[in-house]
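Trainee: Please walk me through this structure feature by feature. I would like to learn how to read each one.

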Amino acid sequence: MASHTVQAYVGDAASFATYAANHGKADVAECDLATLRSWLAELRSAGASPATLARRIAGVRSFTAWAHRAGKLSNDPALLLRGPKLGRPLPEVLRADQAEVMLTVMADDEPIALRNRAMLEMLYATGIRVSELCGLDLGSVDGDRRLLRVIGKGNKERSVPFGIPAWRALQRYLKDARAALLAERSRGASCPNDRVLFLGARGGRIDQREVRRVVHAAAQRAGVPDIGPHGLRHSVATHVLEGGADLRSVQELLGHASIATSQIYTHVSVERLRSAFQQAHPRA
């Protein structure tokens, strides 16, 4: 599993273990369905959302399945644990014209502004995750074929195409900004072999929080709905699908393990079609 998933599941198991210990069941062998249900009830009463509860259940199920396989539990009580029913809310997305405005607000020639423009263009051109953007190295870019070599979830590698505007913004950053940022590297910053593509203000690999800050700031500056890197990723998928791409291509572009994950964007398109119909059709 991905490192973030492992971290989340460990946190879920620890949360349940603490609850069980506080209720007189500190030994894993004493884990039972009633204790699991009362733990979830306490989380629900504390205001946990259905999505959070579902994630907690997934984490604990992973733990109890392991404990059962390891012989620490005679049976797996979480198999009978029912989670909340989850709807599939439509993701927030920008219109294509709003995305265009957002990409043009970084017109400054300062190194940080050039880097930010290149990051925004690359995020919108490829739909990659913010973690994937931060993990890019110079060798990840094939300028001749305009392809990115991306390492996604589960350490899976995929190639993602990008367009001319993103390539021009990236070339400008590499030519006029990256060396200046590299020169600002502090003693504590790590940049092995100077291979990192997008650098932070101190010359090390940029982190996800900074990228999120840049995206939110660009949306605010452009006067478009507030959106983060993941919302920009949703926008890419929606625009590509509306432009005529098939769902299988969207799955490959985004690096989804299952095409079912990509299908939510068909719902976004249908909602936009419905909105346009209601606004324009005389008998809507």
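**Reading the model, step by step**

Trainee: Where do we begin?

Mentor: With the status of the model: it is predicted. Then take the overall make-up. The protein chain has 13 helices and three strands. Of its 284 residues, 39% are buried.

Trainee: What share of the contacts with a separation of 6 or more is between residues 24 or more positions apart?

Mentor: That share is 57%.

Trainee: How much area does the protein chain expose, and what do carbon and sulfur atoms supply?

Mentor: About 15,900 Å² is exposed, and carbon and sulfur atoms supply 51% of it. One nonpolar surface patch covers about 320 Å² and is made by Met-1, Val-6 and Val-10. Met-1 sits in the segment before helix H1, which spans 3-22. Its relative accessible area is 73%, so Met-1 is exposed.

Trainee: Now cysteines. How many disulfides does a search of the whole structure find?

Mentor: The general idea comes before the count. A disulfide is a covalent bond between the sulfur atoms of two cysteines. Here the search finds zero. Cys-31 is buried at 11% relative accessible area. Cys-134 is also buried, at 6%.

Trainee: On to salt bridges. How many does the structure hold?

Mentor: Again, the principle leads. Side chains of opposite charge can pair when their charged atoms come close. This structure holds 16 salt bridges. Take Asp-12 and Arg-55: their closest N and O atoms are 2.7 Å apart. Asp-12 is in helix H1 and Arg-55 in helix H3, so this pair ties together parts 43 residues apart in sequence.

Trainee: Which other residue forms a salt bridge with Asp-12?

Mentor: Arg-56 does, with the closest N and O atoms 3.1 Å apart. This pair also links distant parts of the chain, with Asp-12 in helix H1 and Arg-56 in helix H3, 44 residues apart. Asp-12, Arg-55 and Arg-56 therefore read as one unit on the page: they are linked in a network of salt bridges.

Trainee: Is Asp-12 buried or exposed?

Mentor: Buried, at 0% relative accessibility. Arg-55 counts as partly exposed, at 37%.

Trainee: Show me a salt bridge that involves loops.

Mentor: Look at Asp-137 and Arg-195, whose side chains meet at 3.2 Å, N to O. Asp-137 is in the loop between helix H6 (130-134) and E1, and Arg-195 is in the loop between H8 and H9, so the pair ties together parts 58 residues apart in sequence. Asp-137 is buried, with 18% relative accessible area. Arg-195 is partly exposed, at 34%.

Trainee: What about buried polar side chains? Where is Thr-64?

Mentor: Locate the residue, then look for polar partners. Thr-64 belongs to helix H3, residues 50-69. Its relative accessible area is 0%, so Thr-64 is buried. The side chain of Thr-64 reaches the backbone oxygen of Arg-61 at 3.3 Å. It also makes a polar contact of 2.8 Å with the side chain of Asp-76. Beyond residues up to four places away in sequence, Thr-64 touches Cys-31, Leu-73, Asp-76 and Ala-78.

Trainee: And Thr-126? Which backbone oxygen lies 2.6 Å from a polar atom of its side chain?

Mentor: That of Met-122. Thr-126 is in helix H5, residues 111-126. Thr-126 is buried, with a relative accessible area of 0%. Leaving aside neighbours within four places, its contacts include Leu-148, Phe-162 and Leu-253.

Trainee: How do I read a histidine such as His-216?

Mentor: Use the same routine. His-216 is in helix H9. At 34% relative accessibility, His-216 counts as partly exposed. Its side chain makes a polar contact of 2.8 Å with the side chain of Asp-226. His-216 and Ile-227 are 11 residues apart along the chain, with 5.8 Å between their C-alpha atoms.

Trainee: Last, backbone angles. Which sign does phi of Arg-146 have?

Mentor: Positive, near 50°, in a residue other than glycine. Arg-146 lies in the loop between strand E1 (141-142) and strand E2 (147-151). Arg-146 is partly exposed, at 30% relative accessible area.

Notes: Residues numbered from 1 in each chain as written. Predicted model: local features only at pLDDT ≥ 70, side-chain atom pairs only at ≥ 80, totals over all residues. Heavy atoms only, no water. Patch = residues over 30% accessible without salt bridge, like charges linked within 9 Å, V, L, I, M, F, W, Y side chains within 5 Å. Areas by Shrake-Rupley, 256 points an atom, 1.4 Å probe, with all protein chains shown as cover. Salt bridge = Lys/Arg side-chain N within 4 Å of Asp/Glu carboxyl O. Helix = DSSP H or I, 4+ residues; strand = E, 2+ residues; numbered from the N terminus. Buried < 20%, exposed > 50% of the residue type's maximum accessible area, 1.4 Å probe, protein only. Contact = heavy atoms within 4.5 Å. Disulfide = S-S within 2.5 Å. Polar contact = N/O pair within 3.5 Å; in protein donor to acceptor, adjacent residues only side chain to side chain.
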